[in-house]
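Let's take a look at where the charged side chains sit and how they pair up. Keep the structure open while you read.

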Amino acid sequence: MTAAIETQGLRKTYGRTVALDALDLRVEPGEVFGFLGPNGAGKTTAVKLLLGLTRPTAGDGRVLGRPLGDRATRGRIGYLPELFRYQAWLTAREVLTLHAQLAGLPARVRDGEIDRVLELSGLAARADDRTGGFSKGMQQRLGLAAALLGDPALVILDEPTSALDPVGRVDVRAIIGEARNRGSAVFLNSHLLGEVERLCDRVAIVHRGRVVAAGALGDLLGESSVRIRATGLPAAGGGLGALAELGAVEHDDDWLTIRHVDPERIPDAVAIVVGLGGRVHAVDPGRRSLEDLFLGLVQGTQSPMEAGVDAGVDAAAGGPTGVEGDGAMIAGERR
Amino acid sequence: MTPRLVLVIAGLTLREIVRRRIVWVLLILVVASVLLVGFGVDRLVTFARADGVEELEIRIGVSQVLIMIAFMFSFVLAMSAAFLAAPAIASDVETGTVLAMLARPIRRADLVIGRWLGLSVIVALYAIMAGLLAIAVVDLVSGHVPPAPAVAVSFLAFQAVVVLTLALALGTRLPAIAAGAITVVLFGLGWFIGVLGNIAIAFDAAPLSGGSDIFRVLLPTDGLWRGVIYGLEPPLVLLVASGGNAQALRANPFFALSPPPAAFVAWSVVWVLLVLGAAIALFRRREL
């Protein structure tokens, strides 16, 4: 199957500044792909390269099976720029008509499509107002609507919720879900980790112009674990052997930690503890959050070189030490 | 080039100028200045007639006033063209509006040509309409009709298109304000060098006139301005000029003995196409 996006060693430099070092990516058709990184990591540069707005210094890539910037292919891509600005003197409907015309949408489906995306983005009531009077959030909704016109095979969203309030963000999640259901691949460029964690099938974390981790979210975040606070258990872990078949058990004061546990078996773990006479005060099913992973990779606990592109794909397998350290951090925060 | 997309962009440009009320500002300015011209010429003619000045002299006086007015209008027109065209692409790049558009299957050439076409239509219509209106008002109050109003306003419109092409091209790489300012300065310089060239001819200073000819080829606005004057100059003045005092008259920046040669007009058309081509090439290489 042709990948929605495929790049090899994509590089962009501006003079001596390296905006993107060597980007290797693969986004499958129909998936929601999260492209994460701190500000200045090269995310927007990567998006511009994919769309042919900027030319790569080195490397290569294909979008929907065609070379980067291919004109006909751009008709099958929807794009919400990070710097979204639309003609202030046009109404929302006129902006969408312009984009439908530029995208080459057949005239007979144009009006229906425009109504659909206006409805989807929550702008139907303001469709005939000039965009100059729109709040930033509404402009961003308009940008989303424009990006979704004509059911593109690939939707590239550069920070789609940067100007939205919490309600707007929830809406965007629904909109992206809808786009996926209609068969679009979604390339979501964001530094809002919660958003990515909720939405994306797979993610890549980019730092200093390189992918430092990539893969399915579940693989990257590692196995589930559970922490149980229980008192009244037999000393020295007597009888806890029954828990070992659920995962690796650690006992520290009142806290029992069971790693690599199947989330479905957490009630069994609690039952065993209760069966041993333990009084359960708290059950904290934990998983390394994307934030922990991200901060770990970006703040230098792992240098990009160590966690390099290849290692990144197997980050879950390669990172038990990281998981431990981070796990402790989460526990501390949650307490 | 995709004609459909060029027309979409040209239409967008026209709509922008109407929606942003620029067109109304221009119209109000024209009506106000034409009314003032009418009032001024009317006063001039009335006082002259009351003083018993010969009708022929009045005609010649009015014809020269009309050329002066055309000159001032050509400057206003050049400024308007420069400040409409300079941001046409530059501002869209600065604000990011262009990103969403160019991610669509449109060539950058289509965007540049569409912008140029829309602006050219507006600026040319404005030049022709305002020019003919001023000529009609002068005719109304003085009875003076220049020999070739159509020629005059055509050259006026052509000159404005040259200016807007330059401003648009500079705006593909420079910020809007810089592109507009450079265009206006070059336009003024062109006129000034043209005047110097005329004086040089009058005094037989060949190197100077050669220099002005070169500049006229590099930026044809002043050469086209000669076409405006020629269309407004009454035959009588031309007759006088072809007599003994011709040398001195040629130094007058508001005088043209002959229309711009056909080769020069053809070159001006080629110039516009070359600069437009350069604008496309520059914009294509631009990193967004």
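## Arg55 and its patch

Start with Arg55(A), which sits in the loop of chain A between helix H1 (43-51) and strand S4 (58-63). Keep in mind that the model you're looking at is predicted. Is Arg55(A) buried, partly exposed or exposed? Its relative accessibility is 42%, so Arg55(A) counts as partly exposed, because that label covers values between 20% and 50%.

Arg55(A) also has company: together with Arg107(B), Arg173(B), Arg284(B) and Arg285(B), it forms a positive surface patch.

## Pairs inside chain A

Now for the opposite charges. Side chains of opposite charge can pair when their charged atoms come close. How many salt bridges does a search of the whole structure find? Over all chains, the answer is 28.

One of them joins Arg66(A) to Asp70(A), with 3.2 Å between the closest N and O atoms. Arg66(A) is partly exposed because its relative accessibility is 40%. Asp70(A), on the other hand, has a relative accessible area of 19%, so it falls under the 20% cut-off and counts as buried.

Next, have a look at Arg93(A) and Asp128(A), another salt bridge, whose closest N and O atoms are 3.1 Å apart. Arg93(A) belongs to helix H3 (residues 92-103) of chain A, while Asp128(A) is in the loop between helix H4 (107-120) and helix H5 (136-148) of that chain, so this pair ties together parts that are 35 residues apart in sequence. As for cover, Arg93(A) is partly exposed at 28% relative accessible area, and Asp128(A) is exposed at 54%.

## A pair across the chains

Which residue does Glu94(A) form a salt bridge with? The partner is Arg19(B), and the closest N and O atoms of the two are 2.8 Å apart. This pair crosses between chains: Glu94(A) is in helix H3 of chain A, and Arg19(B) is in helix H1 (residues 3-19) of chain B.

Check how covered these two are. Glu94(A) counts as buried because its relative accessibility is 17%. Arg19(B), at 22%, counts as partly exposed.

## A shared network

Some salt bridges have partners in common. Through such sharing, Glu113(A), Arg116(A), Asp151(A), Glu178(A) and Arg182(A) are joined into one network. Try picking out these five residues in the structure and following the network from one to another.

Technical notes: Residues numbered from 1 in each chain as written. Chains lettered and ligands numbered in written order. Predicted model: local features only at pLDDT ≥ 70, side-chain atom pairs only at ≥ 80, totals over all residues. Heavy atoms only, no water. Patch = residues over 30% accessible without salt bridge, like charges linked within 9 Å, V, L, I, M, F, W, Y side chains within 5 Å. Areas by Shrake-Rupley, 256 points an atom, 1.4 Å probe, with all protein chains shown as cover. Salt bridge = Lys/Arg side-chain N within 4 Å of Asp/Glu carboxyl O. Lys, Arg positive; Asp, Glu negative; His and termini not counted. Charge placed at Lys NZ, Arg CZ, Asp CG, Glu CD. Helix = DSSP H or I, 4+ residues; strand = E, 2+ residues; numbered from the N terminus. Buried < 20%, exposed > 50% of the residue type's maximum accessible area, 1.4 Å probe, protein only.
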